[in-house]
Amino acid sequence: MAAMAATSSGSVSQSRLNERLARVLRQKKGPDAVMVGVLCAALVLGLVGLAIHVLWAVAIMVMALGLGLAVANRRRDGIDVVNRRADGEDRSAG
């Protein structure tokens, strides 16, 4: 009976790990492309802002958006590291 409980908890732990890894792999493609787009838009708006001064404010807002995305990605990466460590402890305990 105890062997069955260990097997089921191991399979639950493995399925959680697989789900998290799939989520991480899906997320890694998107934010990089978004960040490049935001930085390119900020650069273009900043350069055009040399001639049309109103666009400086827009460029600053776009850069703030990019900074927010970077902070959000860093927080998500930190959460992923904590989840991986927890899964590693689950495996060693099981």
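**View 1. Ile-60, a residue of helix H2.** This close-up comes from a predicted model, as do the others below. Ile-60 sits in helix H2, and with a relative accessible area of 51% it is exposed, because the cut-off for that label is over 50%. Look across to Gly-46: the two residues are 14 apart in sequence, and their C-alpha atoms are 8.1 Å apart in space.

**View 2. Trp-56 and the nonpolar patch it helps make.** Helix H2 covers residues 54-93, and Trp-56 is part of that helix. Is Trp-56 buried, exposed or partly exposed? Its relative accessible area is 37%, so Trp-56 counts as partly exposed. On the surface, Trp-56 joins Leu-43, Leu-47 and Leu-50 in a nonpolar patch of about 440 Å². Trp-56 also turns up in the next view, where it touches Gly-49.

**View 3. Gly-49, in the loop between H1 and H2.** What does Gly-49 touch, once residues up to four places away in sequence are set aside? The answer is Leu-55 and Trp-56. Gly-49 has a relative accessibility of 0%, so this loop residue counts as buried. Another residue to find here is Ala-59: from Gly-49 to Ala-59 is 10 residues in sequence and 7.8 Å in space, C-alpha to C-alpha.

**View 4. Leu-17 of helix H1, with Asp-87.** Helix H1 takes in residues 2-48, and Leu-17 is one of them. Leu-17 is buried, because its relative accessibility is 10% and the label applies under 20%. Where does Asp-87 lie relative to Leu-17? In sequence they are 70 residues apart, yet in space the C-alpha to C-alpha distance is 6.8 Å.

**View 5. The protein chain as a whole, for orientation.** Stepping back, the chain has 2 helices and 0 strands. Buried residues account for 17% of its 94 residues. The accessible surface adds up to about 7000 Å², and carbon and sulfur atoms own 71% of that. How about contacts between residues at least 6 apart in sequence: what share joins residues at least 24 apart? That share is 60%.

**View 6. Confidence along the chain, and the stretch at residues 1-6.** The average pLDDT for the protein chain is 76, and 74% of the residues score at least 70. Over residues 1-6, though, the pLDDT is below 50. That stretch also has 0 contacts in the model beyond near neighbours in sequence.

Conventions
Residues are numbered from 1 along each chain as its sequence is written. This is a predicted model: local features need pLDDT of at least 70, side-chain atom pairs count only at pLDDT 80 or more; totals for chains, interfaces and linings use all residues. Side-chain values use heavy atoms; hydrogens and water are left out. Helices (H or I, at least four residues) and strands (E, at least two) are DSSP runs, numbered from the N terminus. Buried means under 20% relative accessible area, exposed over 50%, partly exposed in between (1.4 Å probe, protein chains only). Patches are made of residues with over 30% relative accessible area and no salt bridge: like charges are joined within 9 Å, nonpolar side chains (Val, Leu, Ile, Met, Phe, Trp, Tyr) within 5 Å. Accessible areas come from the Shrake-Rupley method with a 1.4 Å probe; for residues, only the protein chains shown count as cover. A salt bridge is a side-chain nitrogen of Lys or Arg within 4 Å of a carboxyl oxygen of Asp or Glu. pLDDT is the predictor's confidence in each residue, from 0 to 100. Contact means heavy atoms within 4.5 Å.
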